[in-house]
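Hello, and thanks for passing this one along. Below are some notes to read with the model open beside you, set out point by point.

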Amino acid sequence: MNKMLNVALPKGRLGEKVYAMFAKAGFPCPSILEPNRKLIFENPEAGVRYFWVKPSDVPIYVERGVADIGVAGKDILLEYRPDVYELLDLDIGKCRMAVAAPKGFYDDPRRTLRVATKFSNIARGYYASLGRDIDIIHLNGSIEIAPIMGLSDVIVDIVETGTTLKENDLEVIATVVPISARLIANKASFKFKNEQIEQIAKSIATGTEAKA
Ligand code: PRP
């Protein structure tokens with residue numbers, strides 16, 4: 001008998017795409033598609049239990065072993081550096097981490113640059129690599145407002161279509177790193193449920209159904 005595999009999915013649009021990949025790989029759980037507010041779903045026949053969590057919390061569940069595997073954005077992995085294995089680039093949820101500023105912004109190197117971001121560690125690392133002095137202003141959302149209102153000079157944030165920047169008269173001035181969704185695994189689970197995890201990773205990678 002297979003042990004049940006616990007999977008943390010990022011709640012939202014990305015999570016729905018991720019679930020579709022798992023279902024296609026032979027680990028369906030149709031009840032997950034019913035319109036309700038439940039957060040935990042299981043399919044004992046397929047040996048899988050899914051739960052929806054806030055995307056930035058996925059690595060916490062996986063690192064602590066409550067989830068054996070999960071899917072998290074590379075942005076979250078770079079920012080929080082959880083002690084997990086990164087198994088696969090799922091090639092979805094693609095975007096980039098970028099520096100953006102009001103159009104025509106001039107970066108005066110004699111002044112400390114004020115950077116607003118949700119991703120303080122990524123921003124710190126990026127500017128350290130450039131040897132640029134910065135002052136981090138950590139925000140939790142709607143980062144684009146900061147330079148418009150004079151709270152910061154620039155922002156470091158996720159850019160997907162570029163619409164949010166455009167509609168707020170901001171523009172990308174540098175790309176920090178490309179981002180996509182990654183399949184991650186708890187280190188102990190990877191050892192003790194290795195066969196199941198390898199099988200699911202392989203099926204997802206090839207887009208084929210797993211053999212029982
Ligand atoms: C993210 C990001 C940008 C936006 C970029 O915000 O912080 O605001 O998406 O997408 P675009 O380039 O396609 O316009 P999110 O919706 O995650 O909300 P947030 O304000 O909490 O960061």
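1. Let me start with the sheet that H1 packs on. Please keep in mind throughout that this is a predicted model. Six strands make up an open sheet, ordered E2-E3-E1-E4-E11-E5, and the pairing is mixed. At its edges stand strand E2 (40–43) and strand E5 (85–89), each of which pairs on one side only. On average, neighbouring strands here are turned by 25° against each other, direction ignored.

2. A good pair to inspect in this sheet is E4 with E11. Strand E4 (residues 69–73) and strand E11 (residues 181–185) run antiparallel and are joined by 5 bridges. If you want one residue pair to click on, take Val71, whose bridge partner in E11 is Leu183.

3. Two helices deserve a look against this sheet. Helix H1 (residues 13–24) touches strand E1 (5–10), strand E3 (48–53), E4 and E11, and its direction makes about 145° with that of E1. Helix H8 (residues 194–206) lies across E1, E4, E5 and E11, and runs at about 25° to E5.

4. Is the length of H1 what one should expect for its 12 residues? At 1.5 Å a residue, H1 should span 16 Å, and its end C-alpha atoms are 17 Å apart, which agrees. Just after the helix, Gly26 takes a positive phi of about 105°.

5. Which residues of H1 are buried? They are Gly15, Val18, Tyr19 and Phe22. Viewed down the helix axis, the buried residues of H1 fall within an arc of 100°, so they line one face of the helix. Arg13, Glu16 and Lys24, on the other side of H1, are exposed. The cover over the buried residues includes E1, E3, E4, E11 and H8.

6. Now to the nonpolar cores. In soluble globular proteins, nonpolar side chains tend to be buried together. The largest nonpolar core in this model has 28 residues, and those with the most contacts inside it are Leu9, Phe22, Tyr50, Ile69, Leu90 and Leu183. Two or more residues come from each of E1, H1, E3, E4, E11 and H8. H8 gives the largest share, 4 residues.

7. Phe22 is worth centring your view on: it is a buried residue of H1 and one of those with the most contacts inside the largest core. Leaving aside residues up to four places away in sequence, Phe22 touches Val7, Leu9, Phe27, Tyr50, Ile69, Val71, Leu183, Ile200 and Ile204. A second, separate core has 16 residues, among them Ala101, Leu113, Ile122 and Ala123.

8. There is another open sheet to go through, with 5 strands in the order E8-E7-E9-E6-E10 and mixed pairing. Strand E8 (134–138) and strand E10 (170–179) each have a single partner strand, so one side of each is left without a neighbour in the sheet. Neighbouring strands in this sheet are turned by 30° against each other on average, direction ignored.

9. Within this sheet, strand E6 (residues 95–102) pairs with strand E9 (residues 154–159) in the antiparallel sense, over 5 bridges. Here the residue to pick is Val99, which has Val156 as its bridge partner in E9. Helix H4 (residues 120–130) lies across E6, strand E7 (113–117), E8, E9 and E10, and runs at about 170° to E8.

Note on methods. Residues numbered from 1 in each chain as written. Predicted model: local features only at pLDDT ≥ 70, side-chain atom pairs only at ≥ 80, totals over all residues. Heavy atoms only, no water. Pairing = 2+ DSSP bridges. Axes fitted to C-alpha atoms, helices over the stretch in contact; angles between N-to-C directions. Contact = heavy atoms within 4.5 Å. Expected span 1.5 Å × (residues − 1). Buried < 20%, exposed > 50% of the residue type's maximum accessible area, 1.4 Å probe, protein only. Arc of directions from axis to C-beta. Core = buried A, V, L, I, M, F, W, Y, C linked by side-chain atoms within 4.5 Å.
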